[in-house]
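This report addresses a protein chain and its bound ligand. It treats the surroundings of the ligand, the confidence of the model and the pairing of aromatic rings.

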Amino acid sequence: MGLRLLIVGGVAGGATAAARARRIDENAEIIVFERGEHISFANCGLPYYIGNVIKGRNSLLVTKPQDFMKRYRIDVRVFHEVTSIDRENKQVKVTDLKSGRTYTENYDNLILSPGAEPARPRIEGIDLEGIFSLRNIPDSDSIKAFVDRNSPRQAVVIGGGFIGIEMAENLARRGVRTTIVEMLDQVMPQFDYEMAGLIHAHLEDKGVTLMLGDSLKSFTFEEGRIRVDTTKGCSELFDLAVVSMGIRPENALARDTGLMLSDKGHIVVDSSLATSDPHIYAIGDAVSTRDYLLGFPVNTALAGPANKQARIAADNALGRKSVFKGTLGTFIVKVFDLTAASTGMNEKTLKAHGVHYLASYTHSGSHASYYPGAETMAVKLLFAAESGKLLGAQIIGGEGVDKRIDVLATALHGNMSVFDLEELELAYAPPYSSAKDPVNMAGFTAANMLKGDLMTINWDEFEGLDPREHVVIDLRNAEELRASGMVEGALHIPLNDLRDRLDELDRTKTYIPFCAAGLRGYIAHRILVQHGFRSRNFSGGYLTYQGTRKKAGLKSDKPGCG
Ligand code: FAD
């Protein structure tokens, strides 16, 4: 008999680690303990099952315990909870949840992949009927059954992270109008504020009510419905509530056996994914790893990193030497008809770590504009102010966002710079892209900034400008202005007239070219500076600006709300 490997948790990380372990060691004895009924189920598919997009419940079950035994000779014990670890004797204590029997198992090495549980703060009424959170198949069964049985009309989702947004979309599919209550002034903190603004606008267009900058105070049961009171004084009745206020690492086993935890309670692991005990590895949502680019500690609760860590931990637990280099947190989510994706760091993180960075904004078509169906995507790049090394990217749009974020994630992984993005030779034919792909366009713009060909001003610097020194030139045509209005106090000079009207400009002022997406602004900037004027192009133009303008309309300003 070979080495004895025990694995706690049988879903994303645990099941992958077990299968990998068998592939590299035919003689190892491998046992997986899973507290729930299912292993290797598709947690990421649960919101779509509730929304009836995924029709069959069975399609959520990627593998069954008996298949694991047949194919891999892995002993999978569902409804078995590991309740403690005795590190000195290298033993775990297990409870069979069906029979109540407890027993011990010895290990040579142990992999912990216990995941994270939905945070459910001790708020008044949180355990009332009709209030759900979503982590596993039984949770999705309960929500689906509630919707099927009661045909609710109005739901509240507490928390605007990706699970909350996916729930809002899938409840809408079932005819339920949703309100999202979010403590921050934006949904999905992966994105910077102005990019999240594009998501806010789309959610509102789809009939989702946003209550940002407000938080849950209490739930009360009232005439068969759930009353939600918020800290800002809002009080409304709903038929159903989903609490998606973040997650907490399942750290009880690790904590009780004295493994090192981070200040937020995640299990600390090294680059081999070993914990502070060299015979215990930990992976997935429960662990604190390193940021791929800067090396600071990060907690990434995503399936991709969990699966990759699983392979590495299995290698190391069976005597190989594999290294986990850290995570970029690459992320994508469907928001009704939008796709929102990010990779690497955002501005909040860069500021927190004192990194000197620049941001560029571009708006590009998903494919050639003359081929039907192109959709605009907003691309934000973050890069080192001196070297141009890529630090992060965020993209919001429709078609083609997924492939551009993956190109950028690959570029970040390869430690590339914005100058590399200029050079990338990407596949092109009109139905798929443009000869200058959105990734190239983002690279050109960012590289122009570093080469001194383009000076920009970003939306957050714009508000405080002294109008005696700065003048906005709105370069858009009359039709565009009729559709969206002109920037207050701006001079209107359509781009094609600019050269002929330069004598109207004052050389003591700084001009801010402003257009729809930033491209005409760049052309105007080049004209202005080559004629001796000071100029700073408004980065991303109106398409970026509008994401930041929605703020006032998003406050909880309905009757009954303070
Ligand atoms: P899990 O997959 O949660 O597995 C942990 C398992 O361990 C659980 O089944 C638990 O019962 C078991 N367990 C815990 N303690 C014990 C114990 N003591 N004994 C026995 N068993 C134990 N990620 C993405 O990248 N993209 C997405 O689109 C996405 N969508 C998601 C949607 C939803 C609704 C949810 C809930 C998550 C989503 N995720 C998504 C996150 C992704 O599912 C997790 O990052 C991933 O599952 C983490 O893997 P894990 O192995 O750490 O934990």
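The following paragraphs describe the ligand shell, then the confidence values, then the aromatic pairs.

The structure is a predicted model. Around the ligand lie 29 residues, of which Gly13, Glu34, Ser113, Asp285 and Ala303 come nearest. By residue class, the shell around the ligand divides into 16 nonpolar, 7 polar and 6 charged residues.

Oxygen atoms of the ligand take part in the polar contacts tabulated here.

| Residue | Protein atom | Distance to a ligand oxygen atom |
|---|---|---|
| Ala12 | backbone N or O atom | 3.2 Å |
| Ser113 | polar side-chain atom | 2.7 Å |
| Leu302 | polar backbone atom | 3.2 Å |

Taken alone, the ligand exposes 990 Å², and the protein buries 90% of that area. Two or more residues of the shell are contributed by each of helix H1 (12-24), strand E2 (29-34), strand E4 (80-86), helix H5 (162-173) and helix H8 (303-317). Strand E4 provides the largest share of the shell, 3 residues.

Confidence in the model is described next. The average pLDDT of the chain is 95, and 98% of the residues score at least 70. Over residues 552-557, however, pLDDT stays under 50; for this segment the model has 12 contacts beyond four places in sequence. Where pLDDT is low, the predicted coordinates should not be read in detail.

The aromatic rings complete the description. The count comes to 11 aromatic pairs. One of them joins Tyr511 and Phe533 in an edge-to-face arrangement, with 6.2 Å from centre to centre and 80° between the planes. This pair links distant parts of the chain, its members being 22 residues apart. Tyr511 belongs to strand E30 (residues 510-514), whereas Phe533 lies in the loop between helix H15 (519-530) and strand E31 (534-535).

Notes:
Residues numbered from 1 in each chain as written. Heavy atoms only, no water. Near = heavy atom within 4 Å. Polar contact = N/O pair within 3.5 Å; in protein donor to acceptor, adjacent residues only side chain to side chain. Areas by Shrake-Rupley, 256 points an atom, 1.4 Å probe, with all protein chains shown as cover. Helix = DSSP H or I, 4+ residues; strand = E, 2+ residues; numbered from the N terminus. Nonpolar A, V, L, I, M, F, W, Y, C, P; charged D, E, K, R; others polar. pLDDT = per-residue confidence, 0-100. Contact = heavy atoms within 4.5 Å. Phe/Tyr/Trp six-rings, centres within 6.5 Å; stacked < 30°, edge-to-face > 60°.
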